[in-house]
Amino acid sequence: MSAPVVLIAEQLSPATIAALGPDFEVVHVDGTDRDALRSALATADAVLVRSATQIDAEALGWAPKLKVVARAGVGLDNVDIKAATQAGVMVVNAPTSNVISAAELTVAHILGLARHLQRAHASLSVGQWKRSSFTGTELYEKTIGIIGLGRIGALVAERLRGFGVELVAYDPYVTAARAQQLGVQLVTLDELVERADFLTIHMPRTPETLGMIGAEQLKAMKRTAYVVNVARGGLIDEAALAEALTAGEIAGAALDVFVQEPPADTALTGLPTVNVTPHLGASTEEAQEKAGVSVAKSVRLALAGDLVPDAVNVAGGVIDEYVRPGLPLTEKLGQVFAGLAAGPLASLDIEVHGELAERNVEALRLAALKGIFSKVVSDPVSYVNAPLLAEQRNVEVRFAVDAQSESYRNVITIRGALTDGTALSVSGTLTGPKQIEKIVEVNGYEVELPIPEHLIVFSYTDRPGIVAAYGSELGEAGVNIAGLQIARDEKKGTALSVLSVDAPVADDVIARLRVAIGADELHTIDIDAL
């Protein structure tokens, strides 16, 4: 079996390659060369990029084996997440790799504004000596307004606290206890812009945050105040900022990010009161190495079939070691459930009972959906697109966790209703020191049978001679019965037989078997190896 192919589409650190380890075939390509990228993606199991390579819907269509796209950085503007999700491709990034670098750049810009460093440098570099023109201000006892107390905003607060400043912040999702821990006073946005001597913004770019610092907020600021943005372009309205600076409504600004990069004109960047850098927030050796190593580890997890904490298009997070053995069991139960279904699904209930309820078992929901839809659609199914497939088919999915389990330490049950009203269920567990995967219930009938590769499940009116009848039919066809469980709802009522057989059973044999036993329902199920 050949090693998985990991495609490196941009320059990454040697530490990134080392973090991948020896288990992969590493291929390098210039991701900006679309023809070369197309050729390389044809055999790739994973692709690692930075910001220059476009992994769009077209590129994803070139990659039939692709399981994961890894962006060695924070932003994902060059990856079509929607198309990747539809294709079942996991998308990961390194959301914490640049937080220290970005926080330090923020502090650097605040200090640069306070002491007019860039203007003083530009003046002296052309031979001028104008000390009096660049009288600055101390940070000591100034008010720093931080919009957004996430990872970077919190690091900025921690670093500025040593300057003896007053810290105020606006973040509707941060508790008073967390703010107090950071030494920050929570205020409204209106109060923050009025009080701040320096305003720094650390929010994601969303429709709600776009332009959140605009003409109204800038007019409300002190004429001696400064604004800093190293987060995302567009959080501060650039046209309004240029007008405020030109009119002297605020003293200056420092920008590392822009709506268009590079900026199309110098209406803002050319102002003498603006300090600018070309999106350097993550541009440190340490941040780049952290990003590469982080996504390399994520690629290893993804190609091993695990969920990845930094995946942006799949829920689940880190898999608890106690939960992990339940993943293949649940996926196989999903395959059995799909094999029992004779029509389209309307609703689905995935239940986890027992000691597992004390752990994070979200991954089991994904495993059940993956198992079911792998038998329903012809396209590849993964943890990523399985929930989307359920949504596209209007299948109502519910997930329940319960600490009670009567017969076994843990039981996983998949219940569902078809569009014609038919109700189905299958349950399974892991038993013994070897954690043997077993089916313990089918459509309300109690059974206990190790999960095989090939199953025959049928119901019929309970009467003598049935076992002999299907034993004879299968024997004549050369089909060996490896295991057998029979359950019934009442004496001389309806019975259910679950057979494990050594090989797939031909359709003509199944047709004869159905007649021989007068089966009400008969299903053959072939379970894919995981």
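Hi everyone, let me start with a distance: the centres of domain 2 and domain 3, taken over C-alpha atoms, are separated by 60 Å. Please keep in mind that this is a predicted model. An automatic or database assignment divides the chain into domain 1, made of 5–95 plus 286–304, then domain 2 at 98–276, and domain 3 at 325–526.

Let's go to the parallel sheet. Its 5 strands form an open sheet in the order β2-β1-β3-β4-β5, and the pairing is parallel. Which strands sit at the edges? They are β2, residues 25–28, and β5, residues 90–92, each of which pairs on one side only. If we ignore direction, neighbouring strands here are turned by 20° against each other on average.

Zooming in on one pair, strand β1, residues 5–8, runs parallel to strand β3, residues 46–49, and 3 bridges join them. If you want a spot to click on, L7 stands opposite V47 in β3. Now bring in helix α12, residues 285–303: this helix lies across β1, β3, β4 and β5, and runs at about 170° to β4, which is residues 68–71.

On to the antiparallel sheet. Here we have 4 strands in an open sheet, ordered β20-β21-β19-β22, with antiparallel pairing. The edges are β20, at 481–488, and β22, at 521–526, and each of these pairs on one side only. From one strand to the next, the twist averages 15°.

How many bridges hold the β19 and β21 pairing? There are 8, between residues 454–461 of β19 and residues 494–501 of β21, in the antiparallel sense. Within this part, I456 stands opposite L499 in β21.

Two helices to look at against this sheet. Helix α13, residues 326–340, packs on the sheet and touches β19 and β22, with its direction making about 145° with that of β22. Helix α16 lies across β19, β20 and β21, and runs at about 155° to β20.

Each of those helices has a helical partner, so to speak, and I'd like to show you both pairs. Take α13 with α14, the latter being residues 362–373: their axes come within 7 Å and cross at roughly 35°. That crossing is right-handed. On the α13 side the contact uses G326, L327, T330, E331, G334, Q335, F337 and A338, and these meet A363, L364, A367, A368, K370, G371 and I372 in α14. By class, the contact of α13 with α14 has 8 nonpolar, 5 polar and 2 charged residues.

And now α16 with α17. The axes of α16, residues 466–476, and α17, residues 507–517, come within 9 Å and cross at roughly 160°. Why do we call this pair roughly antiparallel? Angles over 145 degrees count as roughly antiparallel, and therefore α16 and α17 fall in that class. The way α16 passes α17 is a right-handed crossing. Its contact residues are I466, A469, Y470, E473 and L474 from α16, with V509, R512, L513, A516 and I517 from α17. Sorted by class, this contact has 8 nonpolar and 2 charged residues, and no polar ones.

To wrap up, we have seen a parallel sheet of 5 strands, an antiparallel sheet of 4 strands, and right-handed crossings for α13 with α14 and for α16 with α17. Thanks for listening, and I'm happy to rotate the model for anyone who'd like another look!

Notes: Residues are numbered from 1 along each chain as its sequence is written. This is a predicted model: local features need pLDDT of at least 70, side-chain atom pairs count only at pLDDT 80 or more; totals for chains, interfaces and linings use all residues. Side-chain values use heavy atoms; hydrogens and water are left out. Axes are lines fitted to C-alpha atoms, for helices over the stretch in contact, and angles run from 0 to 180 degrees between N-to-C directions. Angles under 35 degrees count as roughly parallel, over 145 as roughly antiparallel, 65 to 115 as roughly perpendicular and the rest as oblique. A crossing is left-handed if the near helix is turned anticlockwise from the far one by less than a right angle, and right-handed if clockwise. Contact means heavy atoms within 4.5 Å. Ala, Val, Leu, Ile, Met, Phe, Trp, Tyr, Cys and Pro count as nonpolar, Asp, Glu, Lys and Arg as charged, and the others, Gly among them, as polar. Two strands pair if DSSP finds at least two bridges between them.
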